[in-house]
Amino acid sequence: MKKIRIRRCVLSVFFMLSITSFSQNRLLKKGNEEYEKYEYINAQNTYLKLVDTGFESSELFKKLGNSYYFNSQFENASKWYKKLIEKYGTVIKIEYFFRYAQTLKTIGNYQEADMYMHRFARLNPDDKRAQLFLKKQDYLVKTNTNLDKFKVKNLSMNSEVTDFGTAYYGEEVLFSSSRQEETINQDIHEWNKEVYLDVYKGKPDPETGDLYEIKKWNEIFNSDLHESTPVFTKNKKIVYFTRNNENGGSYDRITEQRKIRTDKLQIYRSSLNANGEWTEPEPLPFNSDSYSTAHPALSNDGKKLYFSSDMPGGKGESDIYEVVVNDDGTFGVPINLGSIINTEGKETFPFISANNDLYFASDGHVGLGGLDIFRIPSLHKKEEWKVENIGKPINSRADDFAITMSSDSKKGYFSSNRKEGKGKDDIYSFTKIEIKKEEPKIEKDTVIIPEITEIKKGDDLGKTLVLNPIYFDLDKSFIRPDAAIELNKIVAVLKKYPKIKIQVRSHTDSRAIWYYNTALSKRRAKSTRAYLIRNGIHRNRITSRGYGESRLLNKCKDYVYCTEEEHQLNRRSEFIVLEK
């Protein structure tokens with residue numbers, strides 16, 4: 001009897017395991033089918049049910065992470081990428097270290113994000129994104145000291161769904177939205193469970209930029225498909241805009257069961273006829289059902305069109321291209337703008353300002369998380385191209401993209417999915433703030449020197465005098481006014497004790513590449529020495545040396561997680577007594 005009971009128990013366990021295995025296989029198959037059709041919300045729900053059964057695999061964690069990542073749900077993506085890397089980090093594609101680092105930035109964990117970017121760079125040193133990161137490890141400071149200062153406002157007209165992509169059109173502003181009108185049963189897009197995008201218009205408040213009297217723009221541009229990101233010629237007689245292809249796309253993905261048809265984005269053009277009516281939009285000749293072309297921008301003279309595309313031959317997920325618009329309305333051959341701009345990541349949403357600066361969004365250049373907005377001044381001067389992150393408050397941890405500016409570049413709009421917004425993507429207005437810089441006056445004669453009873457060889461005068469930190473502007477080595485106040489105390493001591501000789505020593509933390517830190521610390525030490533000499537101290541009494549990150553005071557070397565306060569301990573200047 002005991003043997004019979006044991007057999008029954010074994011059979012029961014086997015039966016339950018078979019049922020569980022069958023259920024898991026069914027959920028996995030269903031989730032994969034939804035994922036392959038880009039139905040990411042459906043796929044998430046199915047995969048989460050599969051996780052609840054106890055099933056785990058690298059493919060499951062990868063696709064769950066991707067389904068959130070591709071919908072810009074970065075916090076959830078980070079959770080599943082973390083599981084993927086912790087359990088399967090030795091066998092996954094290197095790209096997932098980059099994606100995980102990006103998601104860590106979006107939740108504010110920059111220290112750990114940098115650690116994974118270092119890992120990504122070691123494993124993939126030829127990747128442009130890795131090279132840019134190693135050159136710009138001080139990106140957090142740079143984006144805090146951005147090029148210009150702006151006041152940013154979330155528009156009150158934003159909905160609970162997607163609103164993005166503005167364009168000035170005379171006295172109106174156009175934008176794209178998936179808001180649903182009550183009187184119409186609109187189709188739902190399975191990617192994000194929202195209705196298809198249409199183009200709307202509103203009247204801007206001249207002070208705040210907020211939009212009022214919102215309604216759909218011309219119906220000829222609002223079909224049953226997605227429409228977005230219009231741009232107009234200067235005379236407002238020609239408009240280019242983005243629409244997904246009407247025939248359902250090409251069969252570019254194949255599963256074991258069937259071919260998968262995917263939608264692609266295309267650029268359309270319309271013009272005003274003699275009656276002042278817009279002509280039926282026509283697709284541009286370089287569109288394709290095999291790849292996307294999207295988000296057009298025009299040069300100031302209207303002779304060049306810029307756009308984003310994942311066409312063959314590009315450098316990354318999407319690149320910025322340029323194409324000549326001939327006088328007769330025909331087009332030249334699209335040209336990739338090259339590796340200064342384009343990376344292995346996404347470069348998209350180009351915009352040309354009135355002073356011919358190129359703005360674009362990218363997750364390949366070093367930023368704060370997700371897409372950041374970058375600028376190249378003077379687009380026509382290719383030999384001088386330099387990509388600049390425009391910084392906070394326009395850029396954030398989230399996706400920031402689709403910037404548009406007024407003719408004087410003092411105000412405009414951008415789009416973002418930052419947490420404090422009303423919907424999935426919101427439109428923000430910005431106004432440039434003019435700041436008058438006033439340097440503080442330095443009264444050298446009022447420096448008070450404490451009585452120093454004993455100075456020993458090897459002492460640091462900075463510590464003896466309890467100096468405030470000697471700060472330098474980002475990536476600079478000139479002496480700031482606040483630093484000069486502290487250095488004047490050193491000058492006073494050296495004048496009071498004329499036999500003292502010192503060595504100026506400059507140190508950095510470890511968060512940039514070592515040779516960059518060494519060179520920068522040498523320049524700063526020399527600049528400090530030069531200041532002391534200019535203020536009356538004989539050059540023979542002062543030497544200088546830059547140590548970079550070679551003399552850290554704590555554990556905070558490369559790949560080690562440290563707080564900002566711990567890193568600060570290593571960023572220091574010393575004034576070491578050599579002779580007294």
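**Note on the predicted model: charge pairs, packing and backbone**

1. A network of salt bridges links Glu59, Lys62 and Lys63, and this point, like those that follow, concerns a predicted model. Within that network, lysine 62 pairs with glutamate 59, and the closest N and O atoms of the two are 3.2 Å apart. Both residues belong to helix H3, which covers residues 58-69, and they sit 3 residues apart, or about one turn of the helix. Lysine 62 counts as partly exposed because its relative accessibility is 22%, a value that falls between the 20% limit for buried and the 50% limit for exposed. Glutamate 59 is likewise partly exposed, at 35% relative accessibility.

2. For the wider setting, the protein chain contains 12 helices and 27 strands, and buried residues make up 50% of its 580 residues. Of the contacts in the chain with a separation of 6 or more, 55% are between residues 24 or more positions apart. The chain exposes about 29600 Å², and carbon and sulfur atoms supply 51% of that area. The count of salt bridges comes to 23, and two further pairs are taken up in the next points.

3. Aspartate 198 forms a salt bridge with lysine 216, with 2.6 Å between the closest N and O atoms. This pair links distant parts of the chain, since aspartate 198 is in strand E6 (residues 198-204) and lysine 216 is in strand E7 (residues 211-216), 18 residues apart. Are these two charged residues buried or exposed? Both aspartate 198 and lysine 216 are buried.

4. A salt bridge also joins aspartate 363 to lysine 346, whose closest N and O atoms are 3.1 Å apart. Here too the pair links distant parts of the chain, 17 residues apart: aspartate 363 is in the loop between strand E19 (358-362) and strand E20 (372-376), while lysine 346 is in the loop between strand E17 (335-336) and strand E18 (347-352). Aspartate 363 has a relative accessible area of 3% and is therefore buried, whereas lysine 346, at 25% relative accessibility, is partly exposed.

5. On the surface, Lys522, Lys526, Arg545 and Arg551 gather in a patch of positive charge. One of these residues, arginine 545, has its place in strand E26, which spans residues 542-548. Its relative accessibility is 44%, so arginine 545 counts as partly exposed.

6. Phenylalanine 175 is found in strand E3 (residues 172-177), and it counts as buried because its relative accessibility is 0%. Which residues does phenylalanine 175 touch, not counting those up to four places away in sequence? The residues it touches are Met157, Asp163, Phe164, Gly165, Thr166, Asp198, Val199, Tyr200, Lys201, Leu211, Ile214 and Ile427. Among them is Asp198, the residue that forms a salt bridge with lysine 216. Isoleucine 427 is 252 residues from phenylalanine 175 along the chain, yet the C-alpha atoms of the two are separated by 8.6 Å.

7. Valine 333 lies in the loop between strand E16 (319-324) and E17. This valine is exposed, because its relative accessible area is 67%, and the limit for that class is over 50%. Leaving aside neighbours within four places in sequence, valine 333 is in contact with Glu322 and Val323. The C-alpha atoms of valine 333 and phenylalanine 286 are separated by 8.1 Å, with their positions 47 residues apart along the chain.

8. Some backbone features deserve a look when the model is inspected. Lysine 392 and proline 393 are joined by a cis peptide bond, with omega about 0°, and proline 393 is in the loop between strand E21 (388-389) and strand E22 (400-405).

9. Tyrosine 38 is not a glycine, but it has a positive phi of about 65°. It is found in the loop between helix H1 (2-36) and helix H2 (40-52), and, at 22% relative accessibility, tyrosine 38 counts as partly exposed. Phenylalanine 349, also a residue other than glycine, has a positive phi near 50°. Phenylalanine 349 lies in strand E18, and it is classed as buried because its relative accessibility is 12%, with buried meaning under 20%.

Note on methods. Residues numbered from 1 in each chain as written. Predicted model: local features only at pLDDT ≥ 70, side-chain atom pairs only at ≥ 80, totals over all residues. Heavy atoms only, no water. Helix = DSSP H or I, 4+ residues; strand = E, 2+ residues; numbered from the N terminus. Buried < 20%, exposed > 50% of the residue type's maximum accessible area, 1.4 Å probe, protein only. Contact = heavy atoms within 4.5 Å. Areas by Shrake-Rupley, 256 points an atom, 1.4 Å probe, with all protein chains shown as cover. Patch = residues over 30% accessible without salt bridge, like charges linked within 9 Å, V, L, I, M, F, W, Y side chains within 5 Å. Salt bridge = Lys/Arg side-chain N within 4 Å of Asp/Glu carboxyl O. Lys, Arg positive; Asp, Glu negative; His and termini not counted. Charge placed at Lys NZ, Arg CZ, Asp CG, Glu CD.
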